[in-house]
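Colleague: I am new to reading structures, and I would love a close look at the nonpolar interior of this one. Could you take me through that one part slowly and explain the words as you go?

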Amino acid sequence: MAKTPLFRNPHLDGSSFSWDGGTTGILLCHGFTATTTEVRLLAQALHQHGYTVAGPLLPGHGTTPQDCNQHSWQDWYAAIEQAYLQLAAQCQKVVVGGESAGALLTLRLAALHPEISAILCYAPAIRLNLNRIKMYLLSLCVPFIDSIPKPPSKDDNPWKGYTVQPLKGAVQFRRLQKLIPPLLPQIHQPILILQGRLDPTVDPQSPQIVYDEVASSIKELHWLENSAHCVILDKERDLAIKLTLDFLERVQAG
C-alpha cells in the first residue's frame, strides 16, 4: 500500500519570506498545519503594489506533524510578534493579516500592539464547524494518537501543508481560539474580514462575531459566495486580492 505523503503539494515553496518595498509593511500569517504558501499569492500581489511584505513560517510547520505537536500557541505567537517587531523597525506603518488560525494570531497581535495600522482577517477561525461530541471524542484521542488523516482534498488550490491533523497541536489551536473573543473589544484598528460562503471549516458565525465585537470605527465584512476555507487561494482569490488592495488604499488615504 502506498505511503500517505507528509505534505499536500510538497513541491511548493512554504518557507519564510521578507520582501522589501515601500514604507508601509504588511505581515501575513498562515494557518494551522499550513505553510507560507497559503499567503504567498496575496503577498506577491501586495509587493507588486509597493508594500514591504513578510510571512514567517510558524514553529512546527513545514517540518513534521510530530514537530507540530511539540509546539504551543505561545510559540506561534512569539514567532509572529518577533516578525512584526522586525517589520515595524524598518517601516513607518505596519498592517497585519492572517488566514484562519493565522487571523487569530494577528487579532491578538493587534489587540496587544495598538500602534498597528490595520488588520486583514481571512476566514478567522473563532469557532469551527465541529459539533461538541466530535470535539470531545477528539480530545479523548490526544494522549494515545499523534495525528489523524485529513479528508481528501476537493480542490486544486496551490496550498502546501500537512495531510494529517496533529492532535496535540490542535489542542493548542483550541486554546488560542478561547483567548481571542475577550480581546476583540480592545481592537480599534481598521479591519477587513473576508469569509468564504462555502467554508466547511469555520463556523459561519465566526466572521460576524469578529465584526460585531471589535471596537473599530472602520470595519468591513465581505462574503465570497463561491469560495471555501482558504479565500485567498480559492476560485475568487483575484476578488479577495482586489478587496484587500482597495481596503488598504482607503485606509492609507485617510
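Modeller: Happy to; we start with the ground rules and then follow the interior from contact to contact. This is a predicted model, in which local features need pLDDT of at least 70 and side-chain atom pairs count only at pLDDT 80 or more, while totals for chains, interfaces and linings use all residues. Residues are numbered from 1 along each chain as its sequence is written, and side-chain values use heavy atoms, leaving out hydrogens and water.

A nonpolar core is a set of buried Ala, Val, Leu, Ile, Met, Phe, Trp, Tyr and Cys residues joined through side-chain atoms within 4.5 Å. Buried means under 20% relative accessible area, exposed means over 50%, and partly exposed is in between (1.4 Å probe, protein chains only). In soluble globular proteins, nonpolar side chains tend to be buried together.

The largest nonpolar core here has 47 residues, and Leu27, Val96 and Leu107 touch the most other members. Two or more residues come from each of S3, H3 (73–90), S5, H4 (101–112), S6, H6 (167–179), S10 and H7 (206–213). The H and S labels are DSSP runs numbered from the N terminus: helices (H or I) have at least four residues and strands (E) at least two. Apart from this core lies another, of 30 residues, among them Leu224, Ile232, Ala240 and Phe247.

Now look at Leu27 itself. Leaving aside residues up to four places away in sequence, its contacts (heavy atoms within 4.5 Å) include Ile80, Tyr84, Val96 and Leu109.

Ile80, Tyr84 and Leu109 appear again where H3 meets H4. The axes of H3 and H4 come within 10 Å and cross at roughly 60°. Such axes are lines fitted to C-alpha atoms, for helices over the stretch in contact, with angles from 0 to 180 degrees between N-to-C directions. The pair is therefore oblique: under 35 degrees counts as roughly parallel, over 145 as roughly antiparallel, 65 to 115 as roughly perpendicular, and the rest as oblique. The crossing is right-handed, so the near helix is turned clockwise from the far one by less than a right angle; anticlockwise would be left-handed. On the H3 side, the contact is made by Trp73, Trp76, Tyr77, Ile80, Glu81 and Tyr84, and on the H4 side by Leu105, Arg108, Leu109 and Leu112.

Next, find Val210, a residue of helix H7. Val210 is buried because its relative accessible area is 0%. Among the residues touched by Val210 is Leu107, along with Pro124, Ile126, Leu184, Ile191 and Ile193. Val210 and Ile126 are 84 residues apart along the chain, yet their C-alpha atoms are separated by 8.0 Å.

Last comes helix H8 (237–253), where the buried residues are Ala240, Ile241, Leu243, Thr244, Leu245, Phe247 and Leu248. An α-helix has 3.6 residues a turn, so residues three or four places apart point the same way. The cover over the buried residues of H8 includes strands S3 (24–29), S5 (93–99), S6 (118–122), S10 (191–196) and S11, together with helix H1 (37–48). In the loop between S11 (219–224) and H8 sits Ala228, which is partly exposed because its relative accessible area is 22%. Ala228 touches Gly196, Leu198, Asp199, Pro200 and Asp234, again leaving aside residues up to four places away in sequence.
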